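This briefing addresses the fold, the model confidence, the salt bridges and the nonpolar core of the chain shown below. Please keep the sequence and the structure in view while reading.

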Amino acid sequence: MQAYEHERAHSYEHSHRVFDFKSASLFQSLTTAATLGVFVGLVGVALNAVWFYRQTSWHVTATVAGLVQMLIVLGTVVLEQRRKRAIRRTLELAFLNHHVRNALTQMAMVSYISDPENQKRLLQDAASRVSEVLFRIANSADLTGLSLEVDLAGVELAHAGEAREQGDDVKRAS
């Protein structure tokens, strides 16, 4: 039986809900965009009403309304980018914490294994796992390479690191 087969693996992994979005971040971004659109529209209507009752020329009204609406949109874009960076940072730290902690535990427990060849293999796997985790965090442009759902045990992660390092060695030798 595979670990965590019947339940979510970690508390920070979200179950699929509302409209079955794959990411809570996508739903929140869409909600923010819709709310912002309604808010900017209402601000535009309110500014037009104020300028109409003050009987100001149309070009002043259009310019001021456009500038106010643009400032609202730009402020929201900045806040949305900060939120996305915070989500990415949280996912990076969860990925790093999981794999490095497990590799260090494996290294600490290897002394209880009597077979020296098995000890050496387990130490190399743990070191490869840590190396690949650090490489992925440093070089990942998107978050798909940082998922804990794919390889909880880190076996594929360690082998991917070894394959990448062997490929680098072949390139250097050429």
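A contact means heavy atoms within 4.5 Å. Among contacts in the chain between residues at least 6 apart in sequence, 70% link residues at least 24 apart. The structure is a predicted model, in which local features need pLDDT of at least 70 and side-chain atom pairs count only at pLDDT 80 or more, whereas totals for chains, interfaces and linings use all residues. Residues are numbered from 1 along each chain as its sequence is written, and side-chain values use heavy atoms, with hydrogens and water left out.

**Fold and surface**

- The chain contains four helices and zero strands, where helices (H or I, at least four residues) and strands (E, at least two) are DSSP runs numbered from the N terminus.
- Along the sequence, the pattern reads α-α-α-α.
- Of the 174 residues, 24% count as buried; buried means under 20% relative accessible area, exposed over 50%, and partly exposed in between (1.4 Å probe, protein chains only).
- The chain exposes about 12400 Å², of which carbon and sulfur atoms supply 63%; accessible areas come from the Shrake-Rupley method with a 1.4 Å probe, and for residues only the protein chains shown count as cover.

**Confidence**

- The average pLDDT (the predictor's confidence in each residue, from 0 to 100) is 76 for the chain, and 68% of the residues score at least 70.
- Among the elements of the chain, helix 3 (residues 116–139) has the highest mean pLDDT, 87, and helix 4 (residues 155–173) the lowest, 65.
- Over residues 1–13, pLDDT stays under 50, and the model has 14 contacts beyond four places in sequence for this segment.

**Salt bridges**

- Side chains of opposite charge can pair when their charged atoms come close.
- The count comes to five salt bridges, each defined as a side-chain nitrogen of Lys or Arg within 4 Å of a carboxyl oxygen of Asp or Glu.
- In one of them, Arg88 pairs with Glu92 at 2.9 Å, N to O; both residues lie in helix 2 (residues 58–109), four residues apart, about one turn of the helix.
- Glu92 also forms a salt bridge with Arg89, with the closest N and O atoms 4.0 Å apart; these two residues of helix 2 are three residues apart, again about one turn of the helix.
- Arg88, Arg89 and Glu92 are thus linked in a network of salt bridges.
- Within this network, Glu92 counts as buried because its relative accessibility is 12%, while Arg88 is partly exposed at 21% and Arg89 is partly exposed at 49%.
- In helix 3, the side chains of Arg121 and Asp125 meet in a salt bridge (3.4 Å, N to O), and the two residues, four apart, are separated by about one helical turn.
- Asp125 counts as buried because its relative accessibility is 18%, whereas Arg121, at 43%, counts as partly exposed.

**Nonpolar core**

- In soluble globular proteins, nonpolar side chains tend to be buried together.
- A nonpolar core is a set of buried Ala, Val, Leu, Ile, Met, Phe, Trp, Tyr and Cys residues joined through side-chain atoms within 4.5 Å.
- The largest nonpolar core has seven residues: Leu36, Val40, Val43, Leu47, Trp51, Ala65 and Ile72.
- Helix 1 (24–54) and helix 2 each supply at least two residues of this core, and the largest share, five residues, comes from helix 1.
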